[in-house]
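Reader: I would like a close look at one part of this model, taken slowly and with its surroundings described afterwards.

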Amino acid sequence: MIKKILISQPQPASEKSPYYDIAREFNVELVFRPFIKVEGLSPKEFRQQKISILDYTAIVFTSRHAIDNFFKLAKEMRVEIPEDMKYFCVTETIALYIQKYVQYRKRKVFFGTTGKIDDLLPTMVKHKEERYLVPMSEVHNDDVRKLLDSKGLTHGECVMYRTVSNDFTDEELEAFDYDMLVFFSPMGIKSFKKNIPDDKCANLRIATFGPATAKAVQESGMSLDIEAPTAEHPSMTSALRDYLKKNK
């Protein structure tokens, strides 16, 4: 019987989340507790990359984490961001998030629609005179650099944040009594194996989202009970609802 499920993501902001519907429909307790967290680089670590923010006239943001850590580092290093700095974001949601730090003006904030930097390229090419800086996570590939190179854009990339294990406290370990865990990244699996002793893992059901996460579970020796997305269940909530219905 599944009564308590740990979802390894932040709690949904909206009460209309399908997760809350599942909790009511199947009378299960859902706990939202990420296994990983984003940590910004210190000014000392950032300076080792020999990047000067003020050498650039436009910033490319691919996530809210990039925005938070860009402005946090600038503040810590006492870098005054110019009023005419331009911002290019992969979605409108990310573009609107900039309002947390600077006054939003359409003439200096541009955004794409698909969430992919490819979609943003035509707009960036229209502003070919800009010098673009792309804040990135510690773990990244060269795709962005190659893409901007292919369009002859002047650009630089820098690491501003990293993903680390969100370790459990002694109190959390003591209270660890879940029937199912839902994972969304291979690093979440790694953090789980690091944090949770084997005697707490007996009879745990495991759900994963994404092929890389499923592979990480199988490689860790754990059994996989729910895998999404699939043709039948494109979302984790759809797969979870179906499993709970069949195992009621």
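How many residues line the largest pocket, and which of them lie nearest its centre?

Author: This is a predicted model, and the description that follows should be read with that in mind. The largest pocket is lined by 14 residues, and those that lie nearest its centre are Gln9, Pro10, Pro34, Ile36 and His65. Its volume comes to about 360 Å³. When the lining is sorted by class, seven residues are nonpolar, six are polar and one is charged. Strand β3, which covers residues 36-40, gives the largest share of this lining, namely three residues.

The second largest pocket may be set beside it, with a volume of about 280 Å³. Its lining is made up of 15 residues, of which Phe71, Val79, Ile81, Tyr101 and Val102 lie nearest the centre. Here the largest share, five residues, is supplied by helix α3, which runs over residues 64-76. By class, the lining of the second largest pocket holds eight nonpolar residues, one polar residue and six charged residues.

Turning from the pockets to the packing of helices, the axes of α1 (residues 18-26) and α10 (residues 236-246) come within 10 Å and cross at roughly 10°. An angle under 35 degrees counts as roughly parallel, and α1 and α10 are therefore roughly parallel to each other. On the α1 side the contact is formed by Pro18, Tyr19, Asp21, Ile22, Glu25 and Phe26, which meet Met236, Thr237, Leu240, Arg241, Leu244 and Lys245 of α10. The residues of this contact divide into seven nonpolar, one polar and four charged.

Two backbone details belong to loops that adjoin these helices. Asn27, in the loop between α1 and β2 (29-32), has a phi near 55°, which is a positive value in a residue other than glycine. Pro229 is found in the loop between β11 (226-228) and α10, and the peptide bond that leads to Pro229 from Ala228 is cis, with omega near -5°.

As for annotation, an unreviewed UniProt entry places the feature "domain: Tetrapyrrole biosynthesis uroporphyrinogen III synthase" at residues 24-237. Over residues 24-237 the chain is 33% helix and 24% strand, while the C-alpha atoms at the two ends are 13 Å apart.

Key. Residues are numbered from 1 along each chain as its sequence is written. This is a predicted model: local features need pLDDT of at least 70, side-chain atom pairs count only at pLDDT 80 or more; totals for chains, interfaces and linings use all residues. Side-chain values use heavy atoms; hydrogens and water are left out. On a 1 Å grid over the protein atoms alone, a cavity is a set of points where a 1.4 Å probe fits but cannot get out, and a pocket is an open set with protein on both sides within 12 Å along at least five of seven lines; lining residues have an atom within 4 Å of a point. Grid points are joined across faces, edges and corners, and a volume is the space filled by probe spheres set on the points. Helices (H or I, at least four residues) and strands (E, at least two) are DSSP runs, numbered from the N terminus. Ala, Val, Leu, Ile, Met, Phe, Trp, Tyr, Cys and Pro count as nonpolar, Asp, Glu, Lys and Arg as charged, and the others, Gly among them, as polar. Axes are lines fitted to C-alpha atoms, for helices over the stretch in contact, and angles run from 0 to 180 degrees between N-to-C directions. Angles under 35 degrees count as roughly parallel, over 145 as roughly antiparallel, 65 to 115 as roughly perpendicular and the rest as oblique. Contact means heavy atoms within 4.5 Å. UniProt positions are given in the numbering used here, feature names are shortened, and annotations may be inferred rather than shown by experiment.
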